[in-house]
Each structure stands twice: as structure tokens, then as C-alpha cells.
Amino acid sequence: MASKPLQLKFVQSATRAHQLPELGPEVAFVGRSNVGKSSLINALANQRQLARVSNTPGRTQLINVFSHVAGGAVVDLPGYGYARVPGHIRGDWSSMIEGYLLEREELVMVLVLVDGEIGPTQLDVQMLEWLRYNDVPHTVVATKSDKVKSAKRQRRKRDLAEGCMLEQGDIVWVSASKNVGVERLRDLVISHLTT
Ligand code: GDP
């Protein structure tokens with residue numbers, strides 16, 4: 001039976017963790033700009049415009065919080081690695097994200113989105129190493145699985161897992177466009193939000 005969409009409601013944007021409301025356990029989404037993060041959050045919630053798709057950098061540089069009706073919250077962190085942002089904004093980005101990831105008591109799981117077709121990039125690997133080093137619980141989600149041709153899929157899965165220094169089974173593959181793997185991820189998110 002199909003699982004119900006995540007019932008999410010936008011609550012607020014913030015630049016610092018301490019400005020965020022306390023809504024219970026939080027699952028955060030992080031990834032390189034354009035990895036498909038907004039599309040995936042929209043697919044999980046089955047809402048087309050909850051998180052904005054293909055945004056300009058200025059509008060995506062905030063921490064966005066969505067409350068989950070049955071408890072907890074989904075936190076959309078700004079995408080990293082936007083070549084066009086000036087250095088000082090990149091500096092702010094690091095302190096904002098690092099502050100959230102290190103200090104936020106409500107945070108129970110970070111979903112690190114990696115582009116299934118091209119990832120992991122060097123920035124993704126750096127992010128994973130940083131999370132590991134700081135003992136922040138995280139799961140890798142490979143996006144846009146529909147872009148990987150079936151003949152190449154096994155190899156791509158192996159390469160992506162190796163690049164992330166993980167086993168293939170540790171990675172959740174999804175396609176927001178084709179609704180593949182979305183239910184499995186939804187169940188995973190719900191299990192964390194309701195712990
Ligand atoms: P964000 O910057 O990480 O929030 O990424 P977006 O959700 O805005 O998506 C970036 C681009 O990738 C857009 O053009 C989306 O239409 C496309 N995209 C997102 N998810 C998928 C997917 O599952 N499959 C394919 N083929 N394209 C996707």
C-alpha cells in the first residue's frame with residue numbers, strides 16, 4: 001500500500017539555529033545546489049511548490065523549516081557549492097550550516113543528497129568527511145536515479161557508494177521526477193521524526 005505523503009507545512013526561514021522554533025525531532029536535508037533537494041522535498045510531501053525548485057542563490061541561502069503534522073520538523077538547509085556566490089557569503093554559509101549541524105539538539109538525521117548521475121563531487125565528499133568527523137548522524141540519498149541508464153545502473157551504484165566510502169546498501173536511491181524510492185525515503189524520514 002502506498003504510504004501517505006509527509007504532511008509538511010512551511011513555518012519559517014532563519015539564518016541561525018537558535019532562531020528556529022522547537023517542534024521536536026528534526027530531519028535535515030543538505031546537498032549541492034541543483035542536486036534536486038527542493039524537488040525531493042516536494043515529492044515527499046506530494047506538494048508541487050512547498051520547497052522552491054531551481055531557485056536563484058539569494059533565495060536559497062536560508063534555513064527553511066517545515067513542521068510535520070504528526071510531530072517533528074523537516075529542515076531544508078541551503079545548497080552548497082554555488083559558484084556564483086561571493087566569498088563572504090560562502091563564509092556565512094559555513095558558519096550557518098556548521099552551527100546548525102553541530103549545535104542543534106533537535107537534529108536526529110541529516111540526509112545528504114548526492115546527484116545519482118554525477119556524484120559524489122569533491123564538495124559532497126568533504127561534507128561527508130566533516131559529518132563523520134563530527135559524529136553527526138547522516139544518510140546518503142542519491143537523486144535523479146531516472147537519469148542513469150539501466151545498463152549503467154549497477155556500475156553507477158557501485159561507484160557512487162565507493163566515492164562516498166559506503167556500502168551500496170547504505171545508500172537510498174530516489175527519483176523525484178519518476179517517484180522512485182520516494183516512499184521508502186518517506187518511511188525513513190517518518191521513522192526519525194517520530195522517535
Ligand atoms: P535544488 O537546487 O537542490 O533544490 O534542486 P531542484 O529541486 O531545484 O532541481 C534542480 C534541477 O534538477 C531541476 O531542473 C529539476 O527539474 C531537476 N530534477 C530534480 N529532481 C529530479 C529527478 O528526480 N530527475 C530528473 N531527471 N531531474 C530532476
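**A colleague's note on this predicted model**

1. A good place to start is P120, which sits in the loop between strand 5 (107-115) and helix 3 (122-133). The peptide bond joining G119 and P120 is cis, with omega about -5°. That deserves a look in the viewer, since most peptide bonds are trans. Please keep in mind throughout that this is a predicted model.

2. Now the overall plan. The protein chain contains five helices and seven strands. Read from the N terminus, the order of its elements is β-β-α-β-β-α-β-α-β-α-β-α. The chain has 195 residues, and 47% of them count as buried. If you take the contacts between residues at least 6 apart in sequence, 74% join residues at least 24 apart.

3. Helix 5 (residues 182-193) is a nice one to check by hand. Its twelve residues, at 1.5 Å each, should span 16 Å, and the end C-alpha atoms are indeed 16 Å apart, so the two values agree. Which residues of helix 5 are buried? They are V182, L185, R186, V189, H192 and L193. These buried residues cover an arc of only 125° around the axis, which means they lie on the same side of helix 5. The general background is simple: an α-helix has 3.6 residues a turn, so residues three or four places apart point the same way.

4. Helix 5 also meets helix 1 (residues 37-45). Two packed helices are described by the angle between their axes and the distance between the axes. Here the axes of helix 1 and helix 5 come within 10 Å and cross at roughly 80°. The angle falls in the range of 65 to 115 degrees, and the two helices are therefore roughly perpendicular to each other. From helix 1, the residues making the contact are L40, A43 and L44, while helix 5 contributes V182, L185 and R186. As noted above, V182, L185 and R186 are among the buried residues of helix 5.

5. Next, the aromatic rings. The count comes to one aromatic pair. The ring centres of F10 and F66 are 5.7 Å apart and the planes are at 65°; an angle over 60 degrees counts as edge-to-face, so this pair is edge-to-face. F10 belongs to strand 1 (residues 8-14) and F66 to strand 3 (residues 63-68), so the pair ties together parts that are 56 residues apart in sequence. Are the two partners buried or exposed? F10 is partly exposed, because its relative accessibility is 43%, whereas F66 is buried, at 2%.

6. Two asparagines on either side of helix 1 may catch your eye. N34 is in the loop between strand 2 (26-31) and helix 1, and N46 is in the loop between helix 1 and strand 3. Phi of N34 is near 80°, a positive value in a residue other than glycine; phi of N46 is positive too, near 55°. For comparison, most residues other than glycine have a negative phi. N34 is exposed, with a relative accessible area of 57%, and N46 counts as exposed at 59% relative accessibility.

7. Finally, take a look at T139 in strand 6 (residues 138-143). T139 counts as buried because its relative accessibility is 15%, under the 20% limit. Leaving aside residues up to four places away in sequence, T139 touches M109, V110, L111, V112, D170, V172 and L188.

Technical notes. Residues numbered from 1 in each chain as written. Predicted model: local features only at pLDDT ≥ 70, side-chain atom pairs only at ≥ 80, totals over all residues. Heavy atoms only, no water. Helix = DSSP H or I, 4+ residues; strand = E, 2+ residues; numbered from the N terminus. Expected span 1.5 Å × (residues − 1). Buried < 20%, exposed > 50% of the residue type's maximum accessible area, 1.4 Å probe, protein only. Arc of directions from axis to C-beta. Phe/Tyr/Trp six-rings, centres within 6.5 Å; stacked < 30°, edge-to-face > 60°. Axes fitted to C-alpha atoms, helices over the stretch in contact; angles between N-to-C directions. Parallel < 35°, antiparallel > 145°, perpendicular 65-115°, else oblique. Contact = heavy atoms within 4.5 Å.
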